[in-house]
Amino acid sequence: MRYNEKELQALSRQPAEMAAELGMRGPKKGSGESGPGRDTGSGVPRRLVKLVVNFLFYFRTDEAEPVGALLLERCKVTREEPGTFSISFVEDPERKYHFECSSEEQCQEWMEALRRASYEFMRRSLIFYRNEIRKVTGKDPLEQFGISEEARFQLSGLQA
């Protein structure tokens, strides 16, 4: 995926689906994530974390520009210890980003939101609901928009 820094900064300023100050540790491989930030008491720096569409932006708590962003595609959200979760990517499963929440409830909310944020999840949901509407009404709800049965939203081998 190609993007530039100005586009990402503009996207980071958009309204967030979720936002909170969480403890965040980047991958161990000299990621530079141990920089300044308010500490949780457990040695994990605090970051303002914002979910915007399928990007997870993270900011130092005293800065307006993001420190970085994670594109939430081909990733796995995993429950770690109580109140913590991690994000890893298919291409490099050992490279994990760890997050500490203030409560177990907050942790569950973040994990669910992150799992729903990917394009693949949205595409599968569209296909599912398209097929459910077709079962009930007998009509394809996307037909009026000129989107055919062979449209790019279809997944090979997926049957309703």
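Student: Why is E120 called partly exposed rather than buried or exposed?
Tutor: In this predicted model, E120 has a relative accessible area of 29%. Buried means under 20%, and exposed means over 50%. E120 falls in between, so the label is partly exposed.

Student: What makes R123 and E120 a salt bridge?
Tutor: Their side chains come to 3.4 Å, N to O. The cut-off is within 4 Å, for a Lys or Arg nitrogen and an Asp or Glu carboxyl oxygen. The pair R123 and E120 meets that cut-off, so it counts as a salt bridge.

Student: Where do R123 and E120 sit relative to each other?
Tutor: They are three residues apart in helix α3, residues 119-137. That separates R123 and E120 by about one helical turn.

Student: How do you know whether R123 is buried or exposed?
Tutor: The relative accessible area of R123 is 18%. Buried means under 20%. R123 is therefore buried.

Student: Which other side chain meets E120 in a salt bridge?
Tutor: R124 does, at 3.4 Å, N to O. R124 and E120 are four residues apart in helix α3, again about one helical turn. R124 has 45% relative accessibility, so it counts as partly exposed.

Student: What makes E120, R123 and R124 one network?
Tutor: Their salt bridges share partners, and that joins the three residues.

Student: How many salt bridges does the whole structure hold?
Tutor: The search finds 12. One of them pairs R79 with E104, with the closest N and O atoms 2.6 Å apart. That distance is within 4 Å, so the pair qualifies.

Student: What makes R79 and E104 a link between distant parts of the chain?
Tutor: R79 lies in strand β5, residues 75-79. E104 lies in helix α2, residues 104-116. The two are 25 residues apart.

Student: Why are R79 and E104 given an exposure label between buried and exposed?
Tutor: R79 has a relative accessible area of 30%. E104 has 32%. Both values lie between 20% and 50%, so R79 and E104 are partly exposed.

Student: What is the overall secondary structure?
Tutor: Three helices and seven strands. Along the sequence the pattern reads α-β-β-β-β-β-β-β-α-α.

Student: How are the seven strands ordered in the sheet?
Tutor: The order is β4-β3-β2-β1-β7-β6-β5, in an open sheet with antiparallel pairing.

Student: What makes β4 and β5 edge strands?
Tutor: Each pairs on one side only. β4 covers 68-71.

Student: How do you know that β6 and β7 pair?
Tutor: Two strands pair if there are at least two bridges between them. β6 (residues 84-89) and β7 (residues 92-100) have six bridges, so they pair, in the antiparallel sense. In β7, S88 has K96 as its bridge partner.

Student: What about β1 and its pairing with β2 and β7?
Tutor: β1 and β2 share six bridges and pair in the antiparallel sense. A19 stands opposite K50 in β2. Three bridges join β1 to β7, also antiparallel. At least two are needed, so β1 and β7 count as paired. G23 has E100 as its bridge partner in β7.

Student: Which nonpolar residues form a surface patch?
Tutor: V53, F121 and M122 make one of about 250 Å². M122 is in helix α3.

Student: What makes M122 accessible enough for a patch?
Tutor: M122 has 40% relative accessibility and counts as partly exposed. A patch residue needs over 30%, so M122 passes that step.

Student: Why is P15 called exposed?
Tutor: P15 has a relative accessible area of 66%. Exposed means over 50%, so the label fits P15. P15 is found in the loop between α1 and β1. The C-alpha atoms of P15 and V53 are separated by 9.4 Å, with their positions 38 residues apart along the chain.

Student: How much of the protein is buried?
Tutor: Buried residues make up 35% of the 160 residues. The accessible surface comes to about 10,100 Å², and 51% of it belongs to carbon and sulfur atoms.

Key: Residues numbered from 1 in each chain as written. Predicted model: local features only at pLDDT ≥ 70, side-chain atom pairs only at ≥ 80, totals over all residues. Heavy atoms only, no water. Buried < 20%, exposed > 50% of the residue type's maximum accessible area, 1.4 Å probe, protein only. Patch = residues over 30% accessible without salt bridge, like charges linked within 9 Å, V, L, I, M, F, W, Y side chains within 5 Å. Areas by Shrake-Rupley, 256 points an atom, 1.4 Å probe, with all protein chains shown as cover.
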